[in-house]
Amino acid sequence: MSPRRNKPKKRGKDNPAHGSEREIGASHQSIEEHLEGIYMVRRITGSSSTKPYRCPGCDQLIPMATPHTVAWLEHDVESRRHWHTACWNNREKRKPKIERTRNAPRY
Ligand SMILES: [Zn+2]
């Protein structure tokens, strides 16, 4: 019996705002913030793409063995979609700015 407790080192290094760090084990996976929420984004290499998918960005097929991007809402695996990497990136750029309305106050 050891009287010492095994203290985990907590040095404020980890960010308590993101409680899902254990899910980012895979090296090609990252988290992106979008208007709809937090997206998990995974880059698929050509060799791990074994069947064609339809890209929701341009409605074209992504042929198999083509590197592309998979993204889904953090808490909704059902929302998982395969995107052309370019389409996914364009989608990000396209995201509307909520605050840009005619009545927005100017500084
Ligand atoms: Zn596309």
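Here is a short chat about how a few labels in this structure come about.

User: What should I know before we start?
Analyst: This is a predicted model, where local features need pLDDT of at least 70, side-chain atom pairs count only at pLDDT 80 or more, and totals for chains, interfaces and linings use all residues. Residues are numbered from 1 along each chain as its sequence is written.

User: What makes up the pattern read along the sequence?
Analyst: It goes β-β-β-β-β-β-α, so to speak, since helices (H or I, at least four residues) and strands (E, at least two) are DSSP runs numbered from the N terminus. The chain has six strands and one helix.

User: Why is Asp59 called exposed?
Analyst: Exposed is the word for 12 or fewer other C-beta atoms within 10 Å of a residue's own, buried for 20 or more, and partly exposed for anything in between, with C-beta atoms placed from the backbone. Asp59 has 8 such neighbours inside 10 Å, so it counts as exposed. You'll find Asp59 in the loop between β3 (53-54) and β4 (61-62), and its phi is near 65 degrees, positive in a residue other than glycine.

User: And what makes Ala65 exposed or buried, or something in between?
Analyst: Ala65 has 13 other C-beta atoms within 10 Å, so it lands in the partly exposed class. Ala65 sits in the loop between β4 and β5 (68-73), and has a positive phi of about 65 degrees despite not being a glycine.

User: How many of the chain's residues are buried, as a percentage?
Analyst: Buried residues come to 7% of the 107 in the chain.
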